Amino acid sequence: MINLSKAKVLDLSKKAETTIAEKKLTNVAASVVVVLDISKSMHPLYHNGTMQNVIERLLALAIHFDDDQKIDVYIFGTTACELAPLTMEAIAGYIEREVIAKHKINQATKYATAIELIHKKYRN
């Protein structure tokens, strides 16, 4: 049985495929990375489903560009860290499971911590 999030991503992916073809981007390959702000101002967006919706839409696009069909995910507030990759298999409940359940919403937003972490991994 397919879960609702996976079905939604597949549907969005089919819709995106048309636009990708129209824009002549079908041969584009890229590693897809997302960095999510978990500061206090973002708190409501994690709990009302907005951030889950955002990553579902991102994954629908990423599977057309990324050869391993996953998104590397990072979060930042006062610190930054890498989360489990976002894949079709992991999409259902990802925000609840990987962000809300495991990380505290931070009071501050320190962009430099995320930038440094990303730079270390992808600088080459």
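**Strand pairing and loop residues in a predicted model**

Within the strand pairing of this predicted model, V35 stands opposite Y74, a residue of β2. This pair belongs to the association of strand β1, residues 32-37, with β2, in which the two strands run parallel and are joined by 6 bridges. On the other hand, β2 pairs with strand β3, residues 80-82, in the antiparallel sense, here over 3 bridges. One of the positions in this second pairing is F76, whose bridge partner in β3 is A80, and the connection from β2 to β3 is a hairpin through 3 residues. Strand β2 thus has a parallel pairing with β1 and an antiparallel pairing with β3.

The burial of β2 was examined next. The strand comprises residues 71-76, and because 6 of its 6 residues are buried, β2 is largely enclosed by the rest of the structure. In a regular strand the side chains alternate between the two faces of the sheet. In β2, the side chains of I71, V73 and I75 point one way, whereas those of D72, Y74 and F76 point the other way, and all of these residues are buried. Y74, the residue opposite V35, and F76, the bridge partner of A80, therefore belong to a strand whose residues are buried, 6 of 6.

These strands are set in a chain with 5 helices and 3 strands, and the order of elements from the N terminus on is α-β-α-α-β-β-α-α. For a compact globule of 124 residues, a radius of gyration near 14 Å would be expected, and the value of 15 Å found for the protein chain agrees with this. The C-alpha trace spans about 40 × 40 × 20 Å along its principal axes. Of the contacts with a separation of 6 or more, 75% are accounted for by residues 24 or more positions apart. Buried residues make up 35% of the 124 residues in the chain, while the accessible surface comes to about 7600 Å², with 56% of this area belonging to carbon and sulfur atoms. As to charge, the chain carries 16 positive and 14 negative side chains, and the centres of these two sets lie 4 Å apart.

Three loop residues were considered individually. T87 is located in the loop between β3 and α4, the latter spanning residues 94-100, and its relative accessibility of 18% falls under the 20% limit, so that T87 counts as buried. When residues up to four places away in sequence are not counted, T87 touches L59, Q69 and K70.

Q69, one of the residues touched by T87, is itself found in a loop, namely that between α3, residues 50-65, and β2. With a relative accessibility of 43%, Q69 counts as partly exposed, and its phi is near 55°, a positive value in a residue other than glycine. A positive phi, of about 60°, is also found for K24, which is not a glycine. K24 is placed in the loop between α1, residues 4-22, and β1, and its relative accessible area of 72% makes it exposed.

Methods
Residues numbered from 1 in each chain as written. Predicted model: local features only at pLDDT ≥ 70, side-chain atom pairs only at ≥ 80, totals over all residues. Heavy atoms only, no water. Helix = DSSP H or I, 4+ residues; strand = E, 2+ residues; numbered from the N terminus. Rg over C-alpha atoms; globule rule 2.2 N^0.38 Å. Buried < 20%, exposed > 50% of the residue type's maximum accessible area, 1.4 Å probe, protein only. Contact = heavy atoms within 4.5 Å. Areas by Shrake-Rupley, 256 points an atom, 1.4 Å probe, with all protein chains shown as cover. Lys, Arg positive; Asp, Glu negative; His and termini not counted. Charge placed at Lys NZ, Arg CZ, Asp CG, Glu CD. Pairing = 2+ DSSP bridges.
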